[in-house]
Amino acid sequence: MRVLGVDPGLTRCGVGVVEGVAGRPLTMRGVGVVRTPADAELGLRLVAIEQGIEQWLDEYQPEFVAVERVFSQHNVSTVMGTAQASAVAMLCAARRGIPVALHTPSEVKAAVTGQGRADKAQVGAMVTRLLRLDAPPKPADAADALALAICHIWRAPAQNRLQQAVEQNRLQQAAALHASKQAPKQAATQASKPAPHSASHPASHPASKGRTA
C-alpha cells in the first residue's frame, strides 16, 4: 500500500509518501512541503497548492491519500486556511479516483506514538524511528504528513473490516425490511384469490334393464 499523507496548510502544506503494510516495516518514498507566499492572493495560493500536490501524485502514484481532518481552533483564520488547503488536496485525489481518508490529529498521534496528546517532537521522533531515518524530517509539517500516511496504513485494515461489517449489517437490515413489507402484500394477494372449488358431478347409476315376462 502506498499512501500520500497531506498535512494541510496555506503557507506550508506538508506532504509525505509511505509504502508498506500493517505489521511490517514501512518505507518512506518521499517527503517535502508545498509552500506559498503569505502575501499572495488567496486564489493564487490555492492554485499553487493544487499544482504542488498534482506533482506529488504524478511522481509517486499513491493508492490512497490521507489528509488531516480539520478541527476547531481559537484562530478562525488558521482554521479557514487549513480547511481550504485540505479541500484542494481532496479535490486533487478525487479527480484521479484516488480514495481519500481523513484522520484527526489525536488519531494520528495515538497511532504513531501511542498517546493522543503527544507533541510534535514526539511525533517526529517516532516517525524517524518507524521509517528508519537518519534524522526527523523538517519542518514539522513534513513529519506530520508522514505520520498521517503511517496512521492510515496501520488503521486501514481495521477500518476496512469495520466498513464491511457495517455494509453487511445494512444489507441485512434492508433485506429484512423488504421482506416485512412484502409479507402483507403476499397475504392480501392470497386472500383476494377465489377459493378453488371442485366440480360436483351427479352420481351416475346404471339403468335398470326391464325384464320381459
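How many bridges join strand 1 to strand 2, and in which sense do the two strands run? Keep that in mind while we get oriented; the answer comes at the second stop.

**Stop 1: the whole chain**

Start with everything shown as a cartoon. This is a predicted model. You should be able to count five helices and five strands. Coloured from the N terminus on, the elements follow the order β-β-β-α-β-α-β-α-α-α. Switch to a surface for a moment: the protein exposes about 13300 Å², and carbon and sulfur atoms supply 55% of that area. Of its 213 residues, 33% count as buried. If you display contacts, taking those with a separation of 6 or more, 63% are between residues 24 or more positions apart.

**Stop 2: the N-terminal strands**

Now select residues 2–7, which form strand 1, together with residues 12–19, which form strand 2. Here is the answer to the opening question: six bridges join these strands, and they run antiparallel. Follow the backbone from one to the other and you pass through a hairpin of four residues. For a good landmark, pick Gly5, which stands opposite Gly16 in strand 2.

Add strand 3, residues 27–35. Strand 2 pairs with strand 3 too, again in the antiparallel sense, this time over eight bridges. The landmark here is Val18, with Met28 of strand 3 opposite. Strand 2 is largely enclosed by the rest of the structure, because six of its eight residues are buried. While you have the side chains on, remember that in a regular strand they alternate between the two faces of the sheet.

**Stop 3: Thr36**

Move just past strand 3 to Thr36, in the loop that leads to helix 1. Is Thr36 buried or exposed? Its relative accessibility is 5%, so Thr36 counts as buried. Show its surroundings: leaving aside residues up to four places away in sequence, Thr36 touches Leu10, Thr11, Arg45, Ala48 and Ile49.

**Stop 4: the two cysteines**

Select Cys13 and Cys92 and draw a distance between their sulfurs. Why is there no bond between them? The sulfur of Cys92 is the closest cysteine sulfur to that of Cys13, yet the gap is 9.5 Å, which is too far for a bond. A disulfide would need the sulfur atoms within 2.5 Å. Cys92 is accordingly in no disulfide, and the structure as a whole holds zero. Turn the surface back on to look for these residues: Cys13 is buried, with a relative accessible area of 0%, and Cys92 is likewise buried at 0%.

**Stop 5: backbone oddities**

Most residues other than glycine have a negative phi, and most peptide bonds are trans. The next three selections depart from that pattern.

- Gln61 sits in the loop between helix 1 (42–60) and strand 4 (64–68). Its phi is positive, about 50°, although it is not a glycine. With 52% relative accessibility, Gln61 counts as exposed.
- Arg132 belongs to the loop between helix 4 and helix 5. Its phi is also positive, near 55°.
- Pro139 is in the loop between helix 4 (120–130) and helix 5 (140–192). Zoom in on the peptide bond joining Lys138 and Pro139: it is cis, with omega about -5°.

From Pro139, step on to residues 140–192 to highlight helix 5, and the tour is done.

Key
Residues numbered from 1 in each chain as written. Predicted model: local features only at pLDDT ≥ 70, side-chain atom pairs only at ≥ 80, totals over all residues. Heavy atoms only, no water. Buried < 20%, exposed > 50% of the residue type's maximum accessible area, 1.4 Å probe, protein only. Contact = heavy atoms within 4.5 Å. Pairing = 2+ DSSP bridges. Areas by Shrake-Rupley, 256 points an atom, 1.4 Å probe, with all protein chains shown as cover.
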